[in-house]
Amino acid sequence: MSKELTSRAEDYSQWYNELVVKAALADHSAVRGCMVIKPYGYALWENMRDQLDKMFKETGHVNAYFPLFVPKSLFEAEEKNAEGFAKECAVVTHYRLIADPENKGKLIVDPAAKLEEELIIRPTSEAIIWNTYKGWIQSYRDLPLLINQWANVVRWEMRTRLFLRTAEFLWQEGHTAHATKEEAVEETVKMLNVYASFVEEYMAVPVIKGVKTASERFAGAEDTYCIEALMQDGKALQAGTSHFLGQNFAKAFDVKFSDKNNKLEYVWATSWGVSTRLIGALIMAHSDDQGLVMPPKIAPLQVVIVPIYKGEEGKAIVDAKAKIIIEELKALGIRVKYDDNDNARPGWKFAEYELKGVPVRIALGQRDIDNNVVELARRDTKEKKSVSIDGLAVYVKALLEEIQQYIFNKALDFRTENTRKADTWDDFVKLLDEKAGFISAHWDGTPETEEKIKEQTKATIRCIPLDNEMEDGVCILSGKPSKQRVLFARAY
RNA sequence: CGGGAUGUAGCGUAGCCCGGUUAUCGCGCCUGGUUUGGGACCAGGAGGUCGCAAGUUCGAAUCUUGCCAUCCCGACCA
């Protein structure tokens with residue numbers, strides 16, 4: 001089997017597609033745009049999910065589960081939200097199949113089983129959740145309501161790519177209700193910060209926190225906050241969003257509460273989500289021409305041990321030594337695999353675990369045992385060295401932290417090198433074509449100019465960074481005055 | 001959804017234009033043996049609805065039509 005990857009320089013897109021499949025993260029399925037997440041990919045998602053779930057709970061949220069189907073009448077209640085998602089909805093119209101009278105062994109949709117009201121397969125769950133919240137909220141004492149759900153959603157995308165944009169994907173969606181606007185805005189920002197720390201600390205992907213412009217905003221939101229990451233090909237990827245929904249959904253679903261003065265008020269809402277798309281971000285931010293590079297904190301496997309031996313007796317000696325090392329590693333909470341599969345030789349295994357991005361590889365043979373060492377290889381730097389078996393687990397524990405930091409720093413350096421300022425239209429166009437990356441530039445604040453820039457360059461405003469410094473300038477396209485720079489990029 | 005390309009064993013492929021016996025080769029897989037410090041070697045073996053369906057024909061991987069899926073470009077995508 002050919003495991004040779006197309007290089008990033010040769011064809012970045014093909015490199016990504018091959019890598020996802022060859023590293024056994026996911027596969028295409030029989031259904032257009034839908035993927036099968038394979039055990040290795042799912043283990044990664046589980047690690048991400050577990051950590052996020054912990055962080056949600058630490059910030060006071062609880063999990064619940066709402067239905068996959070949304071009755072059309074509920075779906076259309078919040079007009080902007082419905083309009084925004086309408087053209088990518090899968091719709092259930094019937095509930096039964098019958099034998100095809102003209103074609104033995106085949107089934108047809110039973111025309112008699114047509115639903116009175118169509119069911120929309122959720123592209124997002126605001127509608128069904130706010131319809132439910134109506135029954136849960138009467139008093140200010142019921143607030144805040146802080147709920148998250150882990151679910152799948154379906155968006156009928158025309159052009160799909162594994163993890164980055166699939167027709168069905170896994171995600172979490174938080175939906176909260178608050179008594180005041182201030183509290184809801186605070187929640188929106190709080191969850192954006194949770195996302196940013198998760199992505200930076202666990203996935204080792206640096207992100208820019210910002211606010212979307214009106215035209216890039218979530219359908220039905222008053223404000224959309226986002227984290228934006230830069231991929232190795234210089235394109236930006238929206239890695240997570242947190243929305244301040246105002247009272248839009250409360251009004252659409254008539255969710256009111258009595259405040260302390262017995263006055264009826266509409267509640268204030270937020271919603272926030274990250275998806276399996278984060279896996280795409282992880283791959284494209286760190287991996288190289290040899291394969292994946294997994295950040296240790298969420299890597300399904302942190303250490304792999306490859307035994308090297310001659311004959312059965314030789315193997316028994318190596319096995320015994322490996323067993324001790326494995327126990328020590330496990331005692332420190334390190335996820336380790338001992339690959340003593342006799343069908344594959346060491347060289348093959350080395351290449352295989354590089355493809356899969358396992359952060360640390362330990363080779364152990366008689367030669368090492370004689371010297372009381374192992375050969376230890378880092379996936380991120382490909383550096384190999386001999387390390388004493390005494391205190392190995394402690395060494396590896398520290399090394400995993402070092403690797404985590406190294407990967408993050410590397411991605412951060414890349415982003416810094418590929419974030420540039422443009423002060424004129426010519427500079428802007430030149431930078432986009434030559435180097436891609438983020439471009440910080442002045443914009444006059446109008447959707448018209450934003451649209452023109454997009455049409456002419458395919459670059460969009462990724463966000464208005466939250467930590468922006470105020471600075472007087474003129475819009476690169478219209479020449480009108482501007483108070484601050486915004487971040488442009490071509491995006492996934 | 002529009003334009004282009006592709007689909008032959010688990011993977012990569014030859015054959016297709018110009019229809020004709022048992023569909024080519026490599027990797028992988030199985031059995032036995034020798035091996036094991038960067039993708040091992042020898043011998044033997046198994047594995048195919050040629051994407052799916054209809055049509056043309058004495059005969060279809062090959063020609064025609066429809067459908068499905070994937071990739072690229074575009075439109076679309078909070």
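This passage describes pockets, salt bridges, one helix and several backbone features in a predicted model.

The largest pocket of the model encloses about 1,400 Å³ of space. Of the 46 residues that line this pocket, R155, E157, R165, Q238 and R277 are the closest to its centre. Several secondary-structure elements give two or more residues to the lining: the helices α4 (79-86), α8 (277-286) and α14 (447-457), together with the strands β10 (168-178), β13 (236-246), β16 (268-275) and β24 (460-465). By class, the lining of the largest pocket comprises 16 charged, 16 polar and 14 nonpolar residues. Lining residues come from both domain 1 (12-286) and domain 3 (419-489), and the largest pocket therefore lies between these two domains.

The second largest pocket has a volume of about 380 Å³. Its lining consists of 16 residues, and those nearest the centre are K421, S440, P465, D467 and N468. At least two lining residues are supplied by each of α12 (392-417), β22 (419-421), β23 (438-442) and β27 (485-489). Seven charged, five nonpolar and four polar residues make up the lining of this second pocket.

Charged side chains were also examined for direct pairing. In total, 26 salt bridges are counted in the model. One of them joins D50 to R49, with the closest N and O atoms 3.4 Å apart. Both partners are partly exposed: D50 has a relative accessible area of 43%, and R49 has a relative accessibility of 24%. Another salt bridge is formed by the side chains of D223 and R217, with an N to O distance of 4.0 Å. Here too the two residues are partly exposed, D223 at 25% relative accessibility and R217 with a relative accessible area of 30%.

A further salt bridge connects K315 with D340, the closest N and O atoms being 3.2 Å apart. This pair links distant parts of the chain, 25 residues apart: K315 belongs to helix α9 (residues 311-331), whereas D340 is found in the loop between β18 (336-338) and α10 (346-355). The partners fall into separate burial classes. K315 has a relative accessible area of 14% and is buried, while D340, at 30% relative accessibility, is partly exposed. The limit that applies to K315 is 20% relative accessible area, under which a residue counts as buried. In addition to these pairs, a network of salt bridges links K134, D254 and K256.

Helix α13 was considered with respect to the burial of its side chains. Within this helix (residues 425-435), W425, F428, L431 and L432 are buried. These four residues cover an arc of only 135° around the axis, so they lie on the same side of α13. The face of α13 turned away from this buried side carries D426, D433 and E434, which are exposed. The helix thus presents a buried side bearing W425, F428, L431 and L432 and an opposite face with exposed acidic residues.

Backbone geometry was examined at three loop positions. The peptide bond between L143 and P144 is cis, with an omega of about -5°. P144 is situated in the loop that runs between α5 (126-136) and β9 (145-154).

Two residues other than glycine have a positive phi. For A24, phi is about 65°. This alanine lies in the loop between α1 (12-22) and β1 (26-28), and A24 is buried, with a relative accessible area of 17%. For A204, phi is near 60°. The position of A204 is in the loop between α6 (181-202) and β11 (208-211). A204 is likewise buried, at 0% relative accessibility.

Note on methods:
Residues are numbered from 1 along each chain as its sequence is written. Chains are lettered from A and ligands numbered from 1 in the order in which they are written. This is a predicted model: local features need pLDDT of at least 70, side-chain atom pairs count only at pLDDT 80 or more; totals for chains, interfaces and linings use all residues. Side-chain values use heavy atoms; hydrogens and water are left out. Buried means under 20% relative accessible area, exposed over 50%, partly exposed in between (1.4 Å probe, protein chains only). On a 1 Å grid over the protein atoms alone, a cavity is a set of points where a 1.4 Å probe fits but cannot get out, and a pocket is an open set with protein on both sides within 12 Å along at least five of seven lines; lining residues have an atom within 4 Å of a point. Grid points are joined across faces, edges and corners, and a volume is the space filled by probe spheres set on the points. Domain bounds come from an automatic or database domain assignment. The arc is that of the directions from the helix axis to the C-beta atoms.
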